[in-house]
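Dear colleague,

I am handing over the structure below, and what I found in it follows underneath. Please read the notes with the coordinates open beside them.

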Amino acid sequence: MCGIVGYTGGRPAQDILIEGLRRLEYRGYDSAGIAVEQGGKLEVVHRKGKVGGLAETVANLDIAGTCGIGHTRWATHGKPSERNAHPHTSCGGHIAVVHNGIIENYAELRDELTARGHEFTSDTDTEVVAHLVEEAYVDDLLQAVHEAAARLVGAYALAVVCDSEPGVIVAMRKDSPLVVGQGADGAYVASDMIALIDATRDVVVLGDGEAAKLAPEGIRYFSAFGEEIYEPKVTHVDWDVDLAEKGGYPDFMMKEIHEQPRVIRDTLAGRLVDGHLAIDELDLSHEELNLIDRVYVIACGTSYHAGLIAKNLIEGWARIPTEVEVASEFRYRNPIITPSTLVVAVSQSGETADTLAAIRDARVKGAKVFGITNVVGSPVARESDGVIYTKANKEIAVASTKSFLGQVVSLTLLAMLLAQSKGKLTTNQVRLLFRELADTAEQVEVILSDTAAIDEAALACKDARSALFIGRGMGSAISKEGALKLKEISYLHAEAYPAGEMKHGPIALLDDGFPVIAIATQSPVYDKLVSNLQESKARGAMVVAVATEGDEDIKQHADHVIYIPKVRDAFSAITASVPLQLFARSIAVARGCDVDQPRNLAKSVTVE
Ligand code: M6R
């Protein structure tokens with residue numbers, strides 16, 4: 001989704017802003033722009049399309065100013081166009097604003113401002129902010145932004161510059177993230193830490209309603225009430241410097257798929273102490289965990305699929321009834337929540353608007369909320385009662401791969417913890433499970449070391465118009481993630497069904513060569529699944545089976561077999577998901593798609 005970057009200091013701002021915007025490209029966007037203050041005037045440049053196009057335009061202009069703001073836009077109000085690209089300016093062009101989020105009362109504000117003579121040049125909700133700041137401005141930009149923000153309903157992260165305060169950027173946020181950091185050569189603001197890591201590793205994550213005033217001489221922080229905060233909380237970012245590079249892989253998705261063994265190892269490191277799971281961040285005693293009698297997992301997209309896998313584990317091991325719900329549904333119904341309900345919110349980005357709203361709702365209703373997120377200091381982390389960080393490191397490709405695996409491993413630990421607290425798993429059983437869980441890192445390495453069968457199956461399916469993913473039990477949850485991965489990056493329609501449901505409808509789709517991708521690993525329902533493959537083959541389908549090493553019999557029922565190492569069913573999601581990621585990527589590449597930045601998608605969905 002949209003991205004913000006701002007800089008003020010001693011160097012020309014334009015290159016810093018363009019570089020920051022490039023770092024934010026992974027979030028998904030349709031247009032980009034910058035505003036740089038120069039000689040008491042704001043130079044504003046927007047372009048539809050990629051940051052590269054904006055960079056070419058800017059390179060031909062002579063903008064030497066050292067303070068500016070930039071933005072990548074993902075359209076919500078008004079179609080993707082140059083006219084709707086940020087920054088947006090006030091009537092005289094004296095104020096420029098970039099914004100992430102949605103101003104819900106923008107129509108009413110726009111009517112009001114138009115009636116007072118303001119002229120609008122875009123279709124966006126954001127432009128009202130520029131006009132409101134213009135009206136409120138006397139001689140203090142911070143004050144004017146505070147006054148303007150008081151009129152806004154909705155979510156916003158804002159960075160604002162004004163031609164009468166050279167060198168000053170005012171940043172303010174509500175429900176949309178914003179981080180600020182002091183580099184050696186100036187002050188920076190961005191919607192995502194990744195845009196700042198070249199400048200500084202120590203950042204301040206602004207709290208809801210808080211503001212920062214950036215100037216070449218330093219940064220000042222202010223509370224939602226306008227009082228100065230003298231000792232803001234500093235967060236240290238310890239990602240690898242090269243995390244934003246492809247490291248020799250053809251795309252970020254491939255690089256991130258290959259990082260998964262490391263993610264498994266890092267997520268498990270230090271988690272087993274004397275046969276007990278050490279997840280101290282959750283801040284709940286075994287007695288308190290023992291009282292939990294219902295679990296909701298709330299999430300969206302891929303994170304929701306990690307939740308489906310967790311349901312199998314929590315119910316299987318801990319015997320606690322578990323429901324998995326997409327956050328956008330959960331937030332608008334009236335789920336049954338009591339003080340003994342545990343809500344687990346899963347979000348890679350930690351910013352997803354629906355998941356955040358669901359967390360708030362659950363807490364108001366009295367539930368304890370655990371967050372599982374990949375981003376330190378993210379809203380999900382801050383608004384949950386406890387948090388487990390997946391150790392995926394920054395994920396750049398829009399399609400989640402390594403963060404999904406990190407979520408599955410973290411949820412597996414949580415399921416084991418709940419089971420141990422309820423006395424359903426002994427210390428020895430936990431030790432054994434943990435060892436096998438740790439072994440999956442090596443098993444994933446084995447899968448990654450030879451992908452010929454995956455590529456061959458992908459080549460056979462690349463021209464299909466639709467594909468069906470099937471599985472049973474754990475395989476059913478895995479198949480959903482396989483189908484999502486394929487559709488989001490290859491634009492090939494894919495649907496996932498529990499294999500036993502085929503006869504109740506989807507079997508009508510099958511004819512000669514129709515791809516059926518089956519999760520056919522060893523499990524208690526393996527034989528049932530094989531019957532479904534026979535039904536598919538009988539109707540001419542082209543069956544691709546993900547099966548357990550050594551299963552020769554499966555070759556009779558499948559056109560393509562992708563073998564993976566043997567693991568217990570509980571851990572099959574970790575191993576079986578990897579070939580499905582590679583399968584989707586291989587098809588997307590063969591179809592000429594941009595696997596890292598699929599059309600219409602955004603990395604963080606910060607609007608409802
Ligand atoms: O950041 P989150 O995990 O909350 O994001 C949820 C979904 O938007 C995300 O998983 C999405 O489905 C990805 N594109 C999946 O690859």
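**The ligand and its surroundings**

In this model an oxygen atom of the ligand is 2.6 Å from an N or O atom in the side chain of S349. The model is a predicted one, in which local features need pLDDT of at least 70, side-chain atom pairs count only at pLDDT 80 or more, and totals for chains, interfaces and linings use all residues. Residues are numbered from 1 along each chain as its sequence is written, and side-chain values use heavy atoms, with hydrogens and water left out.

S347 also approaches the ligand, since one of its polar side-chain atoms lies 2.6 Å from a ligand oxygen atom, whereas S400 uses a backbone N or O atom, placed 2.8 Å from an oxygen atom of the ligand. On its own the ligand has 410 Å² of accessible area, of which the protein covers 92%; such areas come from the Shrake-Rupley method with a 1.4 Å probe, and for residues only the protein chains shown count as cover.

The shell around the ligand has 14 residues, and those that come nearest are S303, S347, S349, T352 and E488; a residue counts as near if one of its heavy atoms lies within 4 Å of the molecule. By class, this shell has eight polar, four nonpolar and two charged residues, where Ala, Val, Leu, Ile, Met, Phe, Trp, Tyr, Cys and Pro count as nonpolar, Asp, Glu, Lys and Arg as charged, and the others, Gly among them, as polar. The helix α9 gives the most to the shell, with three residues; helices (H or I, at least four residues) and strands (E, at least two) are DSSP runs, numbered from the N terminus.

**The loop between β4 and β5**

Two residues of the loop between β4 and β5 deserve a look, namely H86 and K79. H86 counts as buried because its relative accessibility is 4%, while K79 is exposed, with a relative accessible area of 62%; buried means under 20% relative accessible area, exposed over 50%, and partly exposed in between (1.4 Å probe, protein chains only).

The side chains of H86 and T126 are joined by a polar contact of 3.5 Å, a term for a pair of N or O atoms within 3.5 Å, where within protein one must be able to donate a hydrogen and the other to accept it, and residues adjacent in sequence count only if both atoms are side-chain atoms. A polar atom of the H86 side chain also lies 3.3 Å from the backbone nitrogen of H99.

With best regards
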